[in-house]
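Trainee: Please take a close look at the salt bridges and explain where their partners sit.

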Amino acid sequence: SGAVVAASGAGGARPPKAPPRRPRGKPRFSRQSAIKKSFQQEQVVFSTPVPADPTVAIIGGGASGLACASALAARGVRAVVFDTGMHGLGGRMATRMVDDGRRLVFDHAAQFFTASDQRFQKLVDEWVDKGLAREWRGSIGELEAGGHFTAIPSSTPRYIGVRGMRPLADAMLPENDLIKVVRPSWISKLEPFNGLWRLFESEKPQGQYDAVVIAHNGKCANRLLSTSGLPQLTRQMKRLELSSIWALLAAFDDPLPIPQDNTYGTFEGAFVRDIDSLSWMANNTQKLFPLETNRPECWTFFSTASYGKKNKVPQENIPNATAEKVKRDMLGGVELALGLSTGSLQRPFYTRVQLWGAALPMNTPGVPCIFDPQGRAGICGDWLTGSSIEAAVLSGMSLGDHVADYFASGGERPEEFAIGLDDSLNLVEGHDIGQFPGLDPQKPQVAEPQLAPSI
């Protein structure tokens, strides 16, 4: 047998204990009880030799998962990426295109990014050379109620996708046969069996793998890990706290009355201050198509995290009444931010409301990746060091290299490859829509470590 249970005291393999049966009656859910159950899992320990030609399953096709697959391929390790995306890869590197005869384009998650690490800068330079990314030279700054705009001067370049963010994600995977992508796919179960990880999608087998990477977070990742036999990974993932943020996409026939700055002109993006329903607004049309005229203005508006928390609903099934309230509140926030009288904002001809229920990390362990060598399983994601595209990519790169190093060692010294399994989580500093290293040097990107873990 290839997998044994550390606490069993037997040489034979057996799967993690099933959770106890729930007593009859009204079902109840407690986050604390869920955490307690997951902590009671017995640790899976793989005892089989590391194969010469391993394959890694990566669950999540956002920036981190794609970077991990690319790093593994660069080391000659095969990877299969499972992603839930119906329209494409990329996770929060998402671009929505609406074809109503006028080509509406919205970046509806990540708005722009900066690069402060040479490894990420190299990738960004490749995107720029291929014509996929460019520097965003439009004016951005802070907007206070009443239309008071203050530009943020910065020597740090800001980057965007030339045709939105999603094409950047597609370009992250090298063209070779070492990486396979399966989508849309919702992996619902991990099971250790004979020295391998078996993956299932609603009881349908999705292959067997020598190692597994969790490259997503939130309730789906928690549910997946809760019966996996990986209690240390489960504990760290459960400690993560995520914000909820509403996004409103709105297209207008005429330009919005944006306040002018004598030095920087009309802004294209703004961090909005002291308005509960609004934390960011950006003109996708000016950002993505600065030289094209006669296009409708496509705006992305984000709420604050506090507004998202107060108005959170199941993101898979948003009630119409909630969607209308959020749209009304956020457009009202736009009026307030721009100094317009109530009800005077022109009516958008297209709107879409979306809740990012697991939007951004609120705490972080400050480690590049997590890896459990006994269970041959790891975690990557921006939340491990902060809240940015750069953090996501670097985490995936780090875990890919770490797993490749583990395989190259033959698995003979597993204890040397354990990383991030016990680190406490500390508060993430930054904007409600994420971090932009170098853009706002007055704010630390990660708070100083606390004496006690934030759970």
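Mentor: What follows goes through the salt bridges one pair at a time. This is a predicted model, in which local features need pLDDT of at least 70, side-chain atom pairs count only at pLDDT 80 or more, and totals for chains, interfaces and linings use all residues. Residues are numbered from 1 along each chain as its sequence is written, and side-chain values use heavy atoms, with hydrogens and water left out.

Side chains of opposite charge can pair when their charged atoms come close. A salt bridge here is a side-chain nitrogen of Lys or Arg within 4 Å of a carboxyl oxygen of Asp or Glu. The structure holds 17 of these salt bridges.

One of them joins Arg92 and Asp382, at 3.0 Å from N to O. Arg92 lies in the loop between β4 (78-82) and β5 (95-98) and Asp382 in the loop between β25 (377-379) and α10 (389-408), so the pair ties together parts that are 290 residues apart in sequence. Helices (H or I, at least four residues) and strands (E, at least two) are DSSP runs, numbered from the N terminus. Asp382 is buried, at 5% relative accessible area, while Arg92 is partly exposed, at 27%. Buried means under 20% relative accessible area, exposed over 50%, and partly exposed in between (1.4 Å probe, protein chains only).

Another salt bridge joins Lys287 and Asp107, at 2.9 Å from N to O. Lys287 belongs to helix α7 (residues 284-288) and Asp107 to strand β6 (residues 104-107), so this pair connects parts 180 residues apart in sequence. Both Lys287 and Asp107 are buried.

Glu324 and Lys327 also meet in a salt bridge, and both lie in helix α9 (residues 320-338), three residues apart.
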